[in-house]
Amino acid sequence: MLCGISGEAPQEPVVSKKSGVVYEKRLIENYINERGTEPGTGQALAPEDLLPVKSSAVVRPRPPTMTSIPALLATFQNEWDTMALETYNLREQLARTREELVMALYQHDAAVRVIARLTRERDEARESLSKVTVTGTAPGGEEMMIDSVETLPEELAERVDEIHQSLTKGRKKRPVPEGWVTADEITTFESEASNDLPLSQATSLVLEGDYAAVGGLKGVAALYSLQADAIERQIPVDQPVTDALWVGTKLMFATIQGAIKVYEGGNEVASVSKHDGPATALSSHPGGEILASVGTDKRIVFYEMSSMKVVSSVYTDASAALTTCAFHPDGHLFAAGTMAGEIKLFMTKTLEQAAVFSLGAPIEAIAFSENGFWFAAAAKGQTTVTIFDLRKEGPAAAAKVLETGGPVQSLTWDYTGQFLATAGASGLTVQQYAKSSKKWSEPLRNSAAAVAVRWGASGKKLVAVNGKGVVTVYGAKEG
């Protein structure tokens, strides 16, 4: 006979009346005192349910002292009994833990499947919604509309074609304006003025004439005079600003709450909110009649500039949020960067996807060259700027990779398409392309950190702002 707990021959065997299993008496009594059940079956068991198994009587010797070998052996036996009982308990706990783990894994797998199904249904619903236009009248008499039109109205589409043809034709014969900045002048650029604006966490910078507008995450924008080196006014946007745009007399801000706010003369004249999440970037069509915005909801929205009514919109098939955007200088193409590291080109009239380029990391900035067939792009964490050629496809479209020495957050070409300015945490650079030699050079590099940079009039100045709201104006060194 072997004990049901230790697996050894019992010295004082007892048998369970309920299961008929033989146990060592001291082991089963210890187990009953701790658990109140029988090992293996889990049924309630009391000492009265144990029946001694009679065998030939063996006279045990008188208990010796601990200094004798028999006493040590008895101690070892007791320790062995305790260890055998503990091992049995551990085996039981391991079995229960395995069962619980199997159940948890099954529940997790079921939850993942449910989430995947719900995500797929949400995307399908958004896609269906983007193809439906519903017009009605709200109880108060106001017009209620779901703006999901993909193509531009016929009148605006004709204007896009006219502007495209006009600008493309004029671009081929357009000379460098007289008095435009030269590479030699850029090499002498140094700080002419610096002003600490009363805003922190600056995110955007736009120029119009001798004025610069800076927006930040604190919900305040500042209007700065380059000529006077002074703040003209503060603009309470009341929402964190993600991007800014200046077209004529209208100053526009995109906000983290998905709104597009329009200001004129320092006063808010319009506010629309068409994004389900932050609006991340703004761009204007070269004709000045169309405003574009993109957001984390993967949506592109075109507005009629004068009325701020939605004239075209689409949810992209991108697998990630949209981070930045830009119109082609001829207006027939629209580019949008994604968190997945792709740059998608769309036809302006129809918002049909025309091409895709990839940098492998979230897109930080896009800028089209005024030559009409290049655009520059920078990705988060990368210390290079890639120049893409629109006349080519696939890997061959990456015409040049420029090393800037640090991550780039802002890009801007000058009007002539010769100079590309970059800004980032490691400083500013100006990259030059010489059409005569077809080679790139770097006439300027400094270590002044900036989150945005723009060219001033005739390229004679560079205006930059850092994350703390400090605006710096760079110009050629006199003498």
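Leucine 72 lies in helix α2, which covers residues 69-130. The model described here is predicted. Two open sheets are covered below, one with the strand order β11-β12-β13-β14 and one with the order β23-β24-β25-β26. Further points concern a nonpolar surface patch that includes Leu72, a short list of single residues, and a span that a UniProt record annotates as "repeat: WD".

**Helix α2 and the surface patch**

- Leucine 72, a residue of helix α2, is partly exposed because its relative accessible area is 36%, between the limits of 20% for buried and 50% for exposed.
- Ile69, Leu72, Leu73 and Phe76 together make a nonpolar patch on the surface, with an area of about 430 Å².

**The sheet of β11 to β14**

- This open sheet has 4 strands, and their pairing is antiparallel.
- Its edge strands are β11, residues 241-247, and β14, residues 267-273, and each of them pairs on one side only.
- From one strand to the next, the twist averages 20°.
- Strand β12 (residues 250-255) runs antiparallel to strand β13 (residues 259-264), and 5 bridges join the two.
- Alanine 254 has isoleucine 260 of β13 as its bridge partner.

**The sheet of β23 to β26**

- Here too the sheet is open, with 4 strands in antiparallel pairing.
- β23 (363-368) and β26 (398-403) each have a single partner strand, so one side of each is left without a neighbour in the sheet.
- The twist in this sheet averages 20° from one strand to the next.
- Strands of a sheet pair through backbone hydrogen bonds, in either a parallel or an antiparallel sense.

**Strand β24 and its two partners**

- On one side, β24 (residues 374-379) pairs with β23 over 5 bridges, in the antiparallel sense.
- Within this pairing, alanine 367 has alanine 376 of β24 as its bridge partner, and phenylalanine 368 stands opposite phenylalanine 375 of β24.
- The hairpin of β23 and β24 has 5 residues between the strands, and glycine 372 in its turn has a positive phi of about 90°.
- β24 is also joined to strand β25 (residues 384-389) by 4 bridges, and these two strands run antiparallel.
- Tryptophan 374 stands opposite aspartate 389 of β25.
- The hairpin of β24 and β25 has 4 residues between the strands, and glycine 381 in this hairpin takes a positive phi near 85°.
- β24 is mostly covered, with 6 of its 6 residues buried.
- Both faces of the strand are covered: Trp374, Ala376 and Ala378 are buried on one side, and Phe375, Ala377 and Ala379 are buried on the other.

**Loop residues with positive phi**

- Glutamine 201 is in the loop between β6 (189-196) and β7 (202-208).
- The phi of glutamine 201 is near 55°, a positive value in a residue other than glycine.
- Glutamine 201 counts as partly exposed because its relative accessibility is 38%, which falls between 20% and 50%.
- Aspartate 238 is in the loop between β10 (230-236) and β11.
- Aspartate 238 has a phi near 70°, again a positive value in a residue other than glycine.
- Aspartate 238 counts as exposed because its relative accessibility is 61%, over the 50% limit.

**Isoleucine 186**

- Isoleucine 186 has its place in helix α4, residues 183-187.
- This isoleucine is buried because its relative accessible area is 0%, under the 20% limit.
- Isoleucine 186 and valine 262 are 76 residues apart along the chain, and their C-alpha atoms are separated by 35 Å.

**The annotated span**

- According to the unreviewed UniProt entry, the annotation "repeat: WD" covers residues 272-313.
- In the model, residues 272-313 are 0% helix and 60% strand.
- The end C-alpha atoms of residues 272-313 lie 14 Å apart.

Note on methods: Residues are numbered from 1 along each chain as its sequence is written. This is a predicted model: local features need pLDDT of at least 70, side-chain atom pairs count only at pLDDT 80 or more; totals for chains, interfaces and linings use all residues. Side-chain values use heavy atoms; hydrogens and water are left out. Two strands pair if DSSP finds at least two bridges between them. Axes are lines fitted to C-alpha atoms, for helices over the stretch in contact, and angles run from 0 to 180 degrees between N-to-C directions. Patches are made of residues with over 30% relative accessible area and no salt bridge: like charges are joined within 9 Å, nonpolar side chains (Val, Leu, Ile, Met, Phe, Trp, Tyr) within 5 Å. Accessible areas come from the Shrake-Rupley method with a 1.4 Å probe; for residues, only the protein chains shown count as cover. A salt bridge is a side-chain nitrogen of Lys or Arg within 4 Å of a carboxyl oxygen of Asp or Glu. Buried means under 20% relative accessible area, exposed over 50%, partly exposed in between (1.4 Å probe, protein chains only). UniProt positions are given in the numbering used here, feature names are shortened, and annotations may be inferred rather than shown by experiment.
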